[in-house]
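Notebook open, coffee poured. I wanted to look up a few spots in this model and jot down what turned up.

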Amino acid sequence: MATSVQRASQLTMADLKGRVDPDWCPGCGDFGVLAAIQKALVELQIPSHNVVAISGIGCSSNLPGFINTYGMHTLHGRALAVATGLKLANHELTVLVTGGDGDGFGIGGNHFVHTMRRNVDLLYIVMDNQIYGLTTGQTSPTSRVGMKTKSMPFGNIEAPVNPISLALAAGATFVARGFSGDQKHLTELIKQGIGHKGFSFLDVFSPCVTYNHDNTYQWYRPRVKKLEDDAAYDAADWTAAMEKSLLWGEEIPIGKFFERTDLPSLHAAEPVLNEGPLVHLDPRVPPDVARGFIEELM
Amino acid sequence: MKQTFAIAIGGAAGQGVATPGDIFAKIFSRRGLSLNAYNAYQSIIRGGHTLLTIRTGPEHVSNMGDRIDLLIPLNQDTMDRHLKLLTSGAACIYNAETIKPGSAADGVQLCPLPVSELADISRNKVAQNTLAIGAGLHMMGIGFAALEEALREQFKKKGESVVVENVGVARAGYDYAAAHFTAFPNPLPKTEKRYAVLSGNIAMAMGGAAAGVKFYCAYPMSPSTGVLHWMAAHARKAGIMVRQVEDEIGVINMAIGAAHAGVRSMCATSGGGFALMSEGLGMSAMIETPVVVIDCQRAGPSTGVPTKTEQGDLWQMLGAAFGDYPRLIAAPLDIADCFKVIPEMFNLVDRFQCPGLVLCDLLLSEGRLGVDPKDLDFNPAIDRGELITGVNGNGNGASAAIATNGGYKRYKITESGISPRAVPGVPGHIHTVATDEHMEDGVLISDEFTNPIKRRAMMEKRMRKVVGIEAAVPPSTLWGPRDAEVTLIGWGSTKGVIEEACEMLNEEGISANQLQIRWLVPLHGEVILELLKDARQTIIVENNYSGQFARYLRSETSFVPDGNIRKYDGEPFMPHHIVEAVKEQLAGKTKLSVPMHEIMV
C-alpha cells in the first residue's frame with residue numbers, strides 16, 4: 001500500500017472536504033451545519049483520522065459522506081447506539097453524531113434518552129428541520145401543531161417534542177441550540193460541545209427549503225435570541241435552563257442552555273478502561289486469571 | 001449399558017432446590033464423575049414447581065436420561081407429580097411430617113425422615129433439605145467427609161456457627177439413613193478424572209473471554225441472561241467492557257459500534273430479542289464489520305414459554321435481515337462445545353467480516369455439564385483477519401496528509417471478497433462506511449447516481465466470501481456403523497440424547513448411526529447427501545413443530561428423510577422418546593413421531 005505523504009502543516013478546510021459534494025437541495029440548512037463542523041475541527045486542530053462522524057438515515061444523516069474524517073452512515077435511528085459502542089471501545093477518538101429530528105427523536109427516541117443519561121462523551125448534532133425530508137415531506141416529532149404535511153394534510157394535531165427540555169430532563173450534561181443561519185455562533189457551540197467531557201446535545205434549526213414552508217430562515221431570523229447576550233443567564237442553573245427551554249414563539253433562545261462538568265462521562269466511570277482504550281488491551285486473559293475462572297467451577 | 005445415577009429434587013421456586021443441587025453436583029464432580037443437570041422450571045420467582053435432575057456416572061453423561069433413581073420432593077406437589085415415575089430399585093426421601101407419599105411401584109423404597117426429631121426446625125427452615133442430602137449420600141455409598149467439605153464451602157460466608165449447624169443436620173440425616181434405609185446396590189464410584197461444572201451460558205461467556213472479546217452488551221432475556229451475568233461478574237478481571245442496554249436494537253448497534261472500533265464484540269439474547277436485532281445484522285454484513293450474536297432459543301412464538309426449550313429459531317436465523325449477505329450459523333453440540341464454538345466463530349467472522357450467529361437453546365444455556373478443564377482452553381488460536389490497526393497501519397500522524405489517503409479503499413474488490421479493514425484512528429485510511437450500497441471507496445451509489453454495474457460488483461464481492469467460508473468450515477461426519485439400519489439426523493443440542501438413543505438401539509440389536517449438524521451455515525449439503533446416500537432409513541430428530549431443519553435440508557439438497565421425530569412441548573427429548581419412536585417407525589406405524597413428555601413440569 002502506498003505510504004501517505006508526510007506533511008506537517010495544519011489541518012485546513014480543504015483537508016476536511018469530503019470525496020463527494022453534498023447532495024442536499026440548494027439552500028438547505030444542513031450546508032451551514034457541515035461548514036460549521038469543519039470550521040470547528042480546523043479551529044480545534046483535531047487530526048481528522050481521530051474524528052468519527054456517525055449518522056443514522058435521512059437527508060442530514062448523509063453528512064459523514066461529505067466530510068473527510070472517518071465516518072459511519074448507520075441505520076435509521078441507531079447512530080447513538082453505534083456511537084456509544086465505538087466510543088467505549090476507543091475513547092481516544094472524537095465522536096460526532098449527526099442526524100435529523102425524525103432519526104433522533106422519532107425512531108431513535110429510546111437511544112436518545114438513554115445515551116444522555118449515560119453521559120457518553122460525544123457531541124450529538126441534530127439538524128432539526130421539523131419535517132421528514134428524504135421521504136418527501138411528512139410530519140416529524142418536532143413539527144408544530146397545525147402544520148400541514150403529506151402525512152397530516154389537514155394539519156398536525158399531535159404536540160411536538162421539546163428536544164431541549166427532554167435533554168435536560170434526561171440528564172444531558174451539555175445542552176445547546178444553534179441556528180444554521182448563524183454560522184459563527186454555531187461553530188462556537190460545536191467547539192464547546194466537542195470540548196465538553198460528557199454527552200453534548202446540540203439541536204440546530206436547519207431549515208428545509210423544500211418541504212417546510214413554516215419554519216424558514218425568514219421565520220427564524222427575527223425570533224432567535226442568543227442566551228449569551230443575556231449577562232444574567234447562568235448556564236450552570238438547570239432550573240433556569242428548563243424555564244428557558246419552554247420559550248417558543250416571538251422569542252426563541254439559542255446558545256448554551258446548560259452545562260455541568262462535575263459528572264464523569266461513561267468511559268471515565270468505567271474501571272475496565274483504567275489501563276487505556278479497549279482497542280489497546282491485550283485480548284488474552286492472563287493465565288492465572290483464566291485458571292481462577294475454571295477453578296470457580298470445580 | 002453404562003452405569004448412571006439420577007437424582008431429581010423438586011419443590012416450589014424459592015424452596016431451596018438449587019442448593020442441594022449445587023452440593024450434589026460438587027460432590028459428584030470431585031469424585032471424578034461426569035454429570036449432566038437439567039432444571040425444569042417456570043417463569044415465577046416464588047411458587048410454581050421446579051424439578052432439578054442431576055444425572056451422574058463414571059462415563060460421559062450427555063443428557064438427563066430416562067430414569068430417576070432418587071427423588072427428593074420438598075413439597076407434597078412434587079411427591080404427587082413424580083412418585084409414579086419411579087420404578088423398581090429407585091428411592092424417595094421425604095419429610096414424613098409434611099408430605100404424604102402416594103402409591104409407589106413395587107420395589108420403590110420410601111424413605112420418610114422424621115425431620116423435627118432429627119433437627120431443630122425452628123432454627124433451620126431448610127433442615128429437611130439438608131437431612132435429605134445427608135441421607136441420600138449415605139444411600140449412594142459416599143463418605144460423609146465429601147459432604148462436610150461441600151457444606152463448609154457453601155456456608156462459610158455465613159460464619160462458622162452456620163457451618164457447624166448444617167454439618168450437624170446433614171450428619172443426622174446421614175446416620176439416620178444408615179440405620180433405617182437400604183443403600184443403593186451399586187455405590188457411586190470414584191475416578192481420577194476432574195471436572196468443571198458449568199452451564200452453556202457460562203461456557204459461551206468464558207469462550208468469549210478466551211476469544212478475546214473486549215465488549216459485551218445485552219438486554220436481559222431468558223434463557224440468555226446467564227451470559228450477561230458471568231460477563232458482568234468477571235468483566236473487570238478479564239478486561240471486558242460489559243453494558244446493559246435499553247433494548248436489543250441498542251444492543252446489536254452498540255456491539256457493532258465497538259466492533260467497528262476494532263475490538264471483538266459479542267451479545268446474546270433469545271428469539272424475541274433476536275427479532276429486534278435483525279436490521280442490525282444486515283448492517284454488520286453491509287458495512288462488513290464482524291459481530292457475534294448468540295440466540296438462546298426458547299419455546300415460541302412471541303413471549304412463548306420463557307423457561308422452556310425449543311429449536312424453533314432456525315428459520316429466523318436463516319432469514320434474519322433483508323437482502324442477501326454472507327453469514328455464519330453454528331449450533332453448539334453440547335456445553336463444552338458452547339465454549340469452543342465462540343473462538344472458532346470469532347476467527348471466521350473476523351476473517352470474512354460478516355455476522356456470526358450462535359444458535360444455542362435453553363437446554364444447553366441453562367443445563368449444566370461436567371467438562372474436562374482441558375476443554376476450556378483460554379489460549380485458542382486468534383485470527384483477526386485482514387485488520388489494519390494503529391499498530392500495523394502504514395499511515396503517519398500528520399492529519400493533513402490524509403487527503404491522499406494512500407489509495408486505501410475500504411471495500412476494495414478482491415477475488416476472495418475480503419477487503420482489508422482499517423479501524424478509525426489509523427492515519428492514512430480515512431473512509432466512511434455506509435449501510436447504503438457503496439463503491440469501493442465507501443462513497444454511496446444509492447442516492448445520486450445509482451449504478452447497476454457497480455451494485456452488481458459490490459453484491460458479488462460480498463457474496464464471494466461465501467466460497468471462502470465454505471472452505472474454512474469442516475463438514476459434519478457420520479458417527480457409528482456406516483451400514484446401520486437407521487440413521488438419526490439431528491442438529492445442535494440434541495447430540496447427547498441422540499447419541500444415547502443410538503447406544504440403546506444398538507444394545508437392543510437395532511444398529512443405528514448419527515449425523516449431527518453443527519454448522520447450519522455453511523451446511524455443506526453435497527457432503528450430507530454423500531453421507532446419506534447409502535443410509536437405509538433416515539429420521540430427523542428436532543425440538544420443534546414444523547421440522548425446521550428437515551425443511552432447510554430439503555431446500556438446500558432436495559433430501560427428504562424417511563421419517564421425523566419432533567417435540568415441541570417445551571421439554572427436551574429423553575433417550576427413550578427417540579428409541580420408542582424409532583421402533584414405531586421401523587415397524588412402519590408412522591413417519592412422524594411426537595413423543596409425549598411423561599414428567600409434568
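My entries on chains A and B follow.

Ground rules: this is a predicted model, with local features needing pLDDT of at least 70, side-chain atom pairs counting only at pLDDT 80 or more, and totals for chains, interfaces and linings using all residues. Residues are numbered from 1 along each chain as its sequence is written, chains are lettered from A and ligands numbered from 1 in the order in which they are written, and side-chain values use heavy atoms, leaving out hydrogens and water.

Entry 1, helix in chain B. I looked up H7(B), residues 200–211 (helices are DSSP runs, H or I, of at least four residues, and strands are E runs of at least two, numbered from the N terminus). Its 12 residues reach 16 Å from first C-alpha to last, close to the expected 16 Å (1.5 Å times one less than the number of residues). H7(B) is largely enclosed by the rest of the structure, because 11 of its 12 residues are buried (under 20% relative accessible area; exposed is over 50%, partly exposed in between; 1.4 Å probe, protein chains only). I noted Gly200(B), Met204(B) and Ala211(B) among the buried ones. Next comes Gly212(B), with a positive phi near 90°.

Entry 2, Leu227(A). I found it in the loop between strand E7 (224–226) and H8 of chain A. Leu227(A) is buried, at 4% relative accessibility. Its C-alpha is 16 Å from that of Phe201(A), 26 residues away along the chain.

Entry 3, Glu251(A). I placed this one in the loop between helix H8 (238–245) and strand E8 (252–259) of chain A. Glu251(A) is partly exposed at 38% relative accessible area.
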